[in-house]
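Please open the model in your viewer and keep the sequence panel beside it, since each stop on this tour begins with a selection.

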Amino acid sequence: MLTFAEFFAACYLLLTFQSRVDRYMALRMMVYVGLLYQDLIKRGEVLADGRLPPVLPIVLYNGSQRWTASSDVFDLIPPVPRLVEQFKPRLKYLLIDENAYTDGELASLNNLVAAVFRIEHPASLAAIGVLLGLLDEWLVDRPDLRRRFALWIRATLMRKAEYRIVLPRMDDLQELNVMLAERLEEWAHAYKAEGKAEGKAEGEALALQKLLQKRFGTVPSPVLAMISTASLEQVDLWLDQVLDAASLEEIFGAGKS
């Protein structure tokens with residue numbers, strides 16, 4: 001609840017978290033707002049003149065796909081003739097779609113909310129390490145938030161199937177960052193050992209492709225082509241660079257992302 005004394009007593013923020021697109025989200029928000037108003041009336045928490053305080057309905061969406069549902073219940077009802085059209089209900093919600101922001105845009109904001117968005121949609125595990133360092137610095141005087149962020153980040157990483165990562169329970173950001181770095185080293189050594197076990201350049205190339213995919217997601221075709229034609233020495237050099245590189249460009253040059 002936000003207070004704006006110069007205008008009215010209070011403005012309520014009605015915040016709903018969504019991980020999946022709901023076609024009828026606008027209808028749900030209209031119901032939530034109505035129930036909130038009924039509760040405020042019951043508790044006598046209306047304005048001094050009997051009017052209702054304003055409510056800002058917000059949907060915070062963190063799913064993997066872009067949000068496609070209508071933001072106004074009015075649009076869920078088809079056009080109807082004349083008089084009836086005037087009485088179609090209207091209620092809009094404010095959509096905050098994490099997918100609508102690029103990593104660069106979020107990084108420029110330099111705040112906790114932007115950091116949360118970046119952790120939920122990381123470019124790589126190495127990028128999360130950088131964010132953990134920032135959170136450790138920002139929350140130096142907030143041990144309660146440090147613990148909560150550490151627990152939440154651990155749970156977030158373990159839910160992501162593409163990482164297949166298992167981390168022990170911990171409630172310290174620094175420990176979590178160290179553990180994450182150790183896991184990256186383990187992956188690097190494991191994939192490199194897998195390549196050497198093959199005894200051929202093909203084995204090292206396969207290990208490099210797997211590690212690149214785990215670090216950066218889908219590997220572009222130009223990069224795969226470079227790996228397939230590279231010498232064993234070159235592939236081995238790239239394997240050594242994967243752990244510390246922040247992007248594919250750092251390893252293979254511009255234009256390979």
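With the whole chain selected and its surface shown, about 15,300 Å² is exposed, and carbon and sulfur atoms supply 56% of it; accessible areas come from the Shrake-Rupley method with a 1.4 Å probe, and for residues only the protein chains shown count as cover. This is a predicted model, in which local features need pLDDT of at least 70 and side-chain atom pairs count only at pLDDT 80 or more, while totals for chains, interfaces and linings use all residues. Residues are numbered from 1 along each chain as its sequence is written, and side-chain values use heavy atoms, with hydrogens and water left out.

Switch to a cartoon, where the chain shows 11 helices and four strands (DSSP runs numbered from the N terminus, helices being H or I of at least four residues and strands E of at least two). Of the 257 residues, 37% are buried, meaning under 20% relative accessible area, with exposed over 50% and partly exposed in between (1.4 Å probe, protein chains only).

Next select residues 55–61, strand β3, where six of the seven residues are buried. Add residues 94–97, strand β4, which runs parallel to β3 and is joined to it by four bridges; strands pair if DSSP finds at least two bridges between them. Isoleucine 58 has leucine 94 as its bridge partner in β4.

Move to helix α5, residues 125–138, and pick out aspartate 136, which is buried at a relative accessible area of 18%. Leaving aside neighbours within four places in sequence, aspartate 136 is in contact with Arg146, Leu173 and Gln174, contact meaning heavy atoms within 4.5 Å.
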